[in-house]
Amino acid sequence: MNANGSVINKLTNTVAAGVPVSLSWVKFVGVFSQSEIIATVNSKADGSFNFTSNIDTTYFSKGYFLSVSVGKSNDYIILGYSGNIETRTYSFDQNAFQHKQFEVYKKATLKIRLHRTFNDTFKSYAITHANVTEDYLYDYNVQSPQEVIDRNTSEINVETVADVYTKNQYDKNVCKWYIHCNT
């Protein structure tokens, strides 16, 4: 089975080098998936990838499908809900993975410093962020003031998309009141 194509930075429509591209057998078992990686290569300096691997086609009759997907690297992240990060075939088709284009985002680190100034009780406290879409990702979540003490965390580093506005949100559930804030 041959897989080839390119990996691009979705925001700038430029090449993305050094991004892992994997060929895998995948099978869903309930809501979970099992995967068996056949081969992985990194995209080249021009964003291209090209590799050939032998596969056992009997896996198709066992409920598996073949997947070619991109993963995160030191410089790029993937957002499964915003961009093409995987393609599949459920039967043998030697052309299924030809000329595929996958999309990734340049990675940045968002540093959030935590400093508790109130000694109030609360039922939960969460920090989330969103950037390319309106879907918020959980970065920090505690269920009690004691958990804050137990974690003893003063700073969290969040992988996010570079070169775009990142919205931060915190939610605090305080017994009778629910406080929501965007920053």
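## A buried aspartate in strand S13

In this predicted model, Asp171 has its place in strand S13, which covers residues 167–174. Asp171 is buried, and yet Asp171 has no salt bridge. The nearest side chain of opposite charge belongs to Lys172, and that side chain is 12 Å away. Because a salt bridge calls for a nitrogen of Lys or Arg within 4 Å of a carboxyl oxygen of Asp or Glu, the 12 Å that separates Asp171 from Lys172 does not meet the rule.

The side chain of Asp171 does have a polar partner, since a polar contact of 3.1 Å joins it to the side chain of Gln169.

## The largest pocket

Strand S13 also has a part in the largest pocket of the model, where it is one of the elements that give two or more residues to the lining. The volume of this pocket is about 510 Å³, and 19 residues line it. Nearest to the centre of the pocket lie Leu114, His115, Arg116, Thr117 and Tyr125.

Besides S13, the elements that give two or more residues to this lining are strand S9 (100–113), strand S10 (124–130) and helix H1 (145–151). When the lining residues are divided by type, eleven are nonpolar, four are polar and four are charged.

## Salt bridges between strands S9 and S12

How many salt bridges does the model hold? By the distance rule used here, the count comes to six. One of them pairs Lys107 with Glu159, whose closest N and O atoms are 3.5 Å apart. Lys107 lies in strand S9 and Glu159 in strand S12 (residues 155–161), so this pair ties together parts that are 52 residues apart in sequence. Both ends of the bridge count as partly exposed, with Lys107 at 22% relative accessibility and Glu159 at 35%.

A further salt bridge joins the side chains of Lys111 and Glu155, at 3.7 Å from N to O. This pair, too, links distant parts of the chain, for Lys111 is in strand S9 and Glu155 is in strand S12, 44 residues apart. Lys111 is partly exposed, with a relative accessible area of 48%, and Glu155 is partly exposed as well, at 29% relative accessibility. Salt bridges that share partners also form a network, in which Lys72, Lys107 and Glu159 are joined.

## A salt bridge between Glu86 and Arg88

Another salt bridge is the one in which the side chains of Glu86 and Arg88 meet, at a distance of 3.2 Å from N to O. Glu86 counts as partly exposed at 30% relative accessibility, and Arg88 is partly exposed with a relative accessible area of 35%. Because the partly exposed class runs between 20% and 50%, the 30% of Glu86 and the 35% of Arg88 both fall inside it.

## Two asparagines with positive phi

Which backbone angle draws attention to Asn13? Its phi is near 60 degrees, a positive value in a residue other than glycine. Asn13 has its place in the loop between strand S1 (2–9) and strand S2 (14–15), and Asn13 is exposed, with a relative accessible area of 59%.

Asn152 also has a positive phi, near 50 degrees, and is likewise a residue other than glycine. The place of Asn152 is in the loop between helix H1 and strand S12, and with a relative accessible area of 68% Asn152 is exposed. Helix H1, on one side of this loop, is among the elements that give two or more residues to the lining of the largest pocket, while strand S12, on the other side, holds Glu159 of the salt bridge with Lys107.

## Ser22 and Gly47

Is Ser22, in strand S3 (residues 20–29), buried or exposed? At 12% relative accessibility, Ser22 counts as buried, because the cut-off for this class is under 20%. The side chain of Ser22 is joined to that of Thr40 by a polar contact of 2.8 Å.

Gly47 is found in the loop between strand S4 (32–42) and strand S5 (48–52). Although it belongs to a loop, Gly47 is buried, with a relative accessible area of 0%. Gly47 and Ser6 are 41 residues apart along the chain, and their C-alpha atoms are separated by 5.2 Å.

Note on methods
Residues are numbered from 1 along each chain as its sequence is written. This is a predicted model: local features need pLDDT of at least 70, side-chain atom pairs count only at pLDDT 80 or more; totals for chains, interfaces and linings use all residues. Side-chain values use heavy atoms; hydrogens and water are left out. Helices (H or I, at least four residues) and strands (E, at least two) are DSSP runs, numbered from the N terminus. Buried means under 20% relative accessible area, exposed over 50%, partly exposed in between (1.4 Å probe, protein chains only). Lys and Arg count as positive and Asp and Glu as negative; His and the chain ends are not counted. A polar contact is a pair of N or O atoms within 3.5 Å; within protein, one must be able to donate a hydrogen and the other to accept it, and residues adjacent in sequence count only if both atoms are side-chain atoms. On a 1 Å grid over the protein atoms alone, a cavity is a set of points where a 1.4 Å probe fits but cannot get out, and a pocket is an open set with protein on both sides within 12 Å along at least five of seven lines; lining residues have an atom within 4 Å of a point. Grid points are joined across faces, edges and corners, and a volume is the space filled by probe spheres set on the points. Ala, Val, Leu, Ile, Met, Phe, Trp, Tyr, Cys and Pro count as nonpolar, Asp, Glu, Lys and Arg as charged, and the others, Gly among them, as polar.
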